[in-house]
Amino acid sequence: MTTAEAETGRTVTTDIPARLDRLPWSRWHWTIVIGLGTVWILDGLEVTVVGNIAPRLSEPGSGLPITSGQVTGLAAALYVAGACLGALFWGRLTDRWGRKKLFMITLAVYLAATALTAFSFHTWWFFLFRFLTGFGIGGEYAAINSAIDELIPAQYRGRVDLMINGSFWLGAVGGSLLSIVALDTAIFPADVGWRLTFALGAVLALVILLVRRHVPESPRWLLIHGRDDEAERIVSSIEERVEAERDEPLPRPEGEITIRQRRSVTFVEIGRTVFSKYRRRAILGFSLFIGQAFLYNAITFGFGAILTTFYDVPSGNTGYYFAVIAVGNFMGPLLLGRLFDTVGRRIMISSTYLLSGILLFGTAWLFDQGTLSAGTLTACWCAVLFFASAGASSAYLTVSEVFPMETRAMSIAFFYALGTAAGGISGPLLFADLTETGKVGDTVLAFQIGAALMCLAGLVAAFLAVRAERRSLEDIARPLTAVTKPARAGTAGATEA
């Protein structure tokens, strides 16, 4: 069938979800990780570059009449506001039009906006395209996390999701090192170097766009929208590739599900499902996003100003320090991710949130005592964010797997937008003011706010986190279109009931 409308209304029984979940890890899964996960590298590059170039943009000769506070405060808030609105706008379309169509469109929006940022000639232009860059990135969160969870086998879903979301920090490392070169006036003029960083982001986005063409649509989404023949072709093709790679037959799938196909789900149904049927999960998702947003904003949006104000670190050298922090951030999900699939979601989510919050409280105390140098403060931040990064990545994992298939992208978008708006819009505005005063007590307060909210989120997770490790998505949250519970028997393909 060529359209979802032509096929909706039928009832089909299928084992396609079980066939996807029983697949062993293969080269094909790596293509998904590379094609979809690399976009977080771009997001990390964007956020880090802007934070590191803020002092240079405020200097005479930069080509923009802008202050450092406007870059780390207003521009950062506009970027996050764009991401929140983009998540909601594109998230709804992701559930209606499909994962692949939207993760191609949103990346194209990001590419165009970040390229145009490089041509900023006035503050309003810079602000506008920071907003539109965030608008594209926000849509990526919903489309990418939906596709990842629906394509990756259940036993690997936690670690892969964390690793992909954690790859943001590879971009942060690249952004830090890139800013060092770009801000060196011995290499590039003051009004050229920062523009090249945005231009490079656009080039990388173009490369990812070309790679992403080979990532298929989610078979789970196709099934619900009446395109079960296409879903069957995709899954059969994947199975053939995996069997050829392993040179042995695949194990039989365990379980099937019967669904009544439909074209879309209304906002009323989404709201009723998320906030009535899954109320505890909604509280969990909101808490996790609020906590991680405030902790990260407490550190990252004032990072450069703290180093230059309290430790006289030259603005062109802050990238070295942030590169160290970014490595710690990436190593957290990379080294701890497997435990989310083995030890379990509840223990790992709550412990990473609580540990990072407690460590940030300790950092605030040491900073207040005046016992830290630029190097030791960076080491403390690195320790905090090692655990916080794994926890923050698990927030995206949580909201993408604990709600029904038909609401997945919109649920991701909603919790990302709500949590990030509370922490990511007010956070930069609040923390930029606190860290720019030059008063130790104000910076300590910024740290304590982030730490307290992270600890509160960890306590919520200790009681409400869902034990989703190694379980199929359909078992964690039964699809709204399901008409029977999954049976413990395997059948091939999708058959009309």
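Which side chain makes a polar contact with the side chain of Glu406? In this predicted model, the partner is Thr481, with the two side chains 2.6 Å apart at that contact. The chain has 497 residues, and buried ones make up 61% of them. It holds 21 helices and 3 strands. Take contacts between residues at least 6 apart in sequence, and 87% of them join residues at least 24 apart.

**Around Glu406**

- Glu406 sits in the loop that runs between helix H18 (374–401) and helix H19 (408–436).
- Buried or exposed? Glu406 counts as buried, because its relative accessibility is 6% and the cut-off for buried is under 20%.
- Leaving out residues up to four places away in sequence, Glu406 touches Asp95, Ile224, Val265, Pro479, Leu480 and Thr481. Thr481 turns up here again as the polar partner of the Glu406 side chain.

**The cores**

- The largest nonpolar core has 122 residues, and the members that touch the most other members are Leu36, Leu107, Trp169, Leu295, Trp381 and Leu385.
- Helix H18 gives the most to this core, chipping in 14 residues.
- Another core, of 15 residues, lies apart from that one; Leu57, Leu64, Ala75 and Ala118 are among its members.
- Back to Leu107: not counting residues up to four places away in sequence, Leu107 touches Val39, Leu42, Glu140, Ala205, Ile208, Leu209 and Arg212.

**Aromatic pairs**

- The count of aromatic pairs comes to 29.
- One of them is Phe89 with Trp90, an edge-to-face pair at 4.8 Å centre to centre, with 80° between the planes.
- The two rings of that pair belong to residues with their own burial classes: Phe89 is partly exposed at a relative accessible area of 44%, whereas Trp90 is buried at 9%.
- Tyr141 and Tyr416 make a stacked pair, 4.5 Å centre to centre and with 20° between the planes.
- Tyr141 belongs to helix H7 (residues 123–151) and Tyr416 to helix H19, so their pairing ties together parts of the chain 275 residues apart in sequence.
- Tyr141 is buried at 8% relative accessibility, and Tyr416 is buried too, at 5%.
- Phe275, Tyr278, Phe403, Phe414 and Phe415 are linked into a cluster by ring pairs.

**Helix H17**

- How far apart are the end C-alpha atoms of helix H17? They are 36 Å apart, which agrees with the 36 Å expected for the 25 residues of H17 (residues 345–369) at 1.5 Å a residue.
- Plenty to look at inside H17: Arg345, Met348, Ile349, Ser350, Thr352, Tyr353, Ser356, Gly357, Leu360, Thr363, Ala364 and Phe367 are buried.
- Gly370 follows H17, and the phi of Gly370 is positive, near 75°.

**Strands S1 and S2**

- Strand S1 (residues 11–14) points Thr11 and Thr13 one way and Val12 and Thr14 the other way, and all of these are buried.
- S1 pairs with strand S2 (residues 257–260) in the antiparallel sense, over 4 bridges.
- Thr11 has Arg260 as its bridge partner in S2.

**Pro219**

- Pro219 lies in helix H11 (residues 219–224), and at 0% relative accessibility Pro219 counts as buried.
- Setting aside neighbours within four places in sequence, Pro219 is in contact with Ile16, Leu20, Leu151, Ala231, Ile234 and Val235.
- Pro219 and Arg233 are 14 residues apart in sequence, and their C-alpha atoms are 9.1 Å apart in space.

**Positive phi outside glycine**

- Asp247 is not a glycine, yet has a positive phi of about 55°.
- Asp247 is in the loop between helix H12 (228–246) and S2, and is exposed with a relative accessible area of 70%.
- Arg470, also a residue other than glycine, has a positive phi near 60°.
- The loop between helix H20 (440–464) and helix H21 (473–476) is where Arg470 lies, and Arg470 counts as partly exposed at 48% relative accessibility.

Notes:
Residues are numbered from 1 along each chain as its sequence is written. Side-chain values use heavy atoms; hydrogens and water are left out. Helices (H or I, at least four residues) and strands (E, at least two) are DSSP runs, numbered from the N terminus. The expected span of a helix is 1.5 Å times one less than its number of residues. Buried means under 20% relative accessible area, exposed over 50%, partly exposed in between (1.4 Å probe, protein chains only). A polar contact is a pair of N or O atoms within 3.5 Å; within protein, one must be able to donate a hydrogen and the other to accept it, and residues adjacent in sequence count only if both atoms are side-chain atoms. Contact means heavy atoms within 4.5 Å. Two strands pair if DSSP finds at least two bridges between them. A nonpolar core is a set of buried Ala, Val, Leu, Ile, Met, Phe, Trp, Tyr and Cys residues joined through side-chain atoms within 4.5 Å. Rings of Phe, Tyr and Trp (its six-membered ring) pair if their centres lie within 6.5 Å; planes under 30 degrees apart count as stacked, over 60 as edge-to-face and the rest as tilted.
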